[in-house]
Amino acid sequence: SRCFVSKNCSLLAKAFTTYVRPLIEYCPQIWSPHYLKYINLVENVQRRFTKHIPSIKNLPYPTRLSRLGLISLEPRRRHFDLFTCFRILNHSLHTSSYSFFSFRPHNITRGHAFMLYPPAAHNDVCKFSFFSRVISYWNSLPSTVVSACSLSSFKSHVKLLSSWTPLSFLLYTTLISTLPCSSFRSITVIYYLPFSIYILHAALC
């Protein structure tokens, strides 16, 4: 932030997400740290940036992120893994899903219809590679999310779910399953459904 005369939070956040964050998020499917010390080293880049903004520097890190409209870098890497997995399974990339993933037999009804089997991992290189670590994230998603009509719709579902409480998550999966798989569904999810869930959650609590 020392390179900018302006102290406007929105402008500085835009500069950070344009010039700095892409460098530390380059190809996270290939390299995503699993050791805590490396996770913290990467996160410290964003943490130090938010600390240099005078108007919010004395606030806790989560509050600084909220004020700037940012989220932690670790869940963003998880999102990138899920987005890539969705593209592979839906044949949006020039690669075969059967070359990297093993699908669960259809006679097992637990979970959604796109459940994946984790590969055998005998060392950390295999255990924490993209094709191993993404499976637990993917299998934990509800069927209404993994069966999204498009990548943009899938992204909106994942980003919404990442910040919700378990009760909000339950309300979301119940309501979204009643909507048709069309552009109307995407518009409803993005603009109207979060507000409806907020009202329901407030009424129940």
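**Helix α6**

I started with the burial of α6 in this predicted model. Seven of the 10 residues of α6 are buried, so I noted the helix as mostly covered. I listed the buried ones as Phe130, Ser132, Arg133, Val134, Ile135, Trp138 and Asn139. Next I looked up what these buried residues pack against. Their partners are α4, the strand β2 (116-117), and the helices α5 (124-127), α7 (143-146) and α8 (151-161).

**α4 against α6**

I took the pair α4 and α6 next. Their axes are 9 Å apart and the packing angle is about 95°. An angle from 65 to 115 degrees counts as roughly perpendicular, which makes α4 roughly perpendicular to α6. From α4, I found Arg78, Asp81, Leu82, Thr84, Cys85, Phe86, Ile88 and Leu89 in the contact. From α6, the contact has Phe130, Phe131, Arg133, Val134, Tyr137 and Trp138. Sorted by class, the contact of α4 with α6 holds 10 nonpolar, one polar and three charged residues.

**Aspartate 81 and arginine 133**

I then checked for a salt bridge between these two helices. Aspartate 81 and arginine 133 form one, with their closest N and O atoms 2.7 Å apart. Aspartate 81 belongs to α4 and arginine 133 to α6 (residues 130-139), so the bridge ties together parts 52 residues apart in sequence. Are the two partners buried or exposed? Aspartate 81 has a relative accessible area of 1% and is buried. Arginine 133 stands at 11% relative accessibility and also counts as buried, because the cut-off for buried is under 20%.

**The other salt bridges**

How many salt bridges does the structure hold? I recorded three. Besides the bridge of aspartate 81 with arginine 133, I noted two that involve glutamate 25. Arginine 21 pairs with glutamate 25, the closest N and O atoms lying 3.8 Å apart. Both of these residues, arginine 21 and glutamate 25, are buried. Arginine 76 also meets glutamate 25 in a salt bridge, at 2.6 Å from N to O. I placed arginine 76 in helix α4 and glutamate 25 in the loop between α1 (9-24) and α2. This pair links distant parts of the chain, 51 residues apart. Arginine 76 and glutamate 25 are both buried. Through shared partners, the salt bridges join Arg21, Glu25 and Arg76 into one network.

**α2 against α4**

I moved on to the packing of α2 on α4. The axes of α2 (residues 36-51) and α4 (residues 73-89) come within 9 Å and cross at roughly 110°. I therefore entered α2 and α4 as roughly perpendicular to each other. On the α2 side, the contact is made by Ile39, Val42, Glu43 and Gln46. On the α4 side, I found Leu73, Glu74 and Arg77. By class, the contact of α2 with α4 has three nonpolar, one polar and three charged residues.

**Arginine 47**

I looked up one more residue of α2, arginine 47. Arginine 47 has 29% relative accessibility and counts as partly exposed, because partly exposed covers the range between under 20% and over 50%. Leaving aside residues up to four places away in sequence, I found that arginine 47 touches Asn40, Tyr61 and Arg64. I also took the C-alpha separation of arginine 47 and lysine 57, which is 10.0 Å for two residues 10 apart along the chain.

**Chain as a whole**

I counted up the elements last. The chain has 11 helices and two strands. From the N terminus on, the order is α-α-α-α-β-β-α-α-α-α-α-α-α. Of the 205 residues in the chain, 36% are buried. Among contacts between residues at least 6 apart in sequence, 56% join residues at least 24 apart.

**Confidence**

I checked the pLDDT before closing the entry. The chain averages 79, and 75% of the residues score at least 70. Which elements have the lowest and the highest mean pLDDT? Helix α10 (residues 183-191) has the lowest, at 43, and α2 the highest, at 95. Over residues 182-205 I found the pLDDT below 50. That stretch has 36 contacts in the model beyond near neighbours in sequence.

How values were computed
Residues are numbered from 1 along each chain as its sequence is written. This is a predicted model: local features need pLDDT of at least 70, side-chain atom pairs count only at pLDDT 80 or more; totals for chains, interfaces and linings use all residues. Side-chain values use heavy atoms; hydrogens and water are left out. Axes are lines fitted to C-alpha atoms, for helices over the stretch in contact, and angles run from 0 to 180 degrees between N-to-C directions. Helices (H or I, at least four residues) and strands (E, at least two) are DSSP runs, numbered from the N terminus. Angles under 35 degrees count as roughly parallel, over 145 as roughly antiparallel, 65 to 115 as roughly perpendicular and the rest as oblique. Contact means heavy atoms within 4.5 Å. Ala, Val, Leu, Ile, Met, Phe, Trp, Tyr, Cys and Pro count as nonpolar, Asp, Glu, Lys and Arg as charged, and the others, Gly among them, as polar. A salt bridge is a side-chain nitrogen of Lys or Arg within 4 Å of a carboxyl oxygen of Asp or Glu. Buried means under 20% relative accessible area, exposed over 50%, partly exposed in between (1.4 Å probe, protein chains only). pLDDT is the predictor's confidence in each residue, from 0 to 100.
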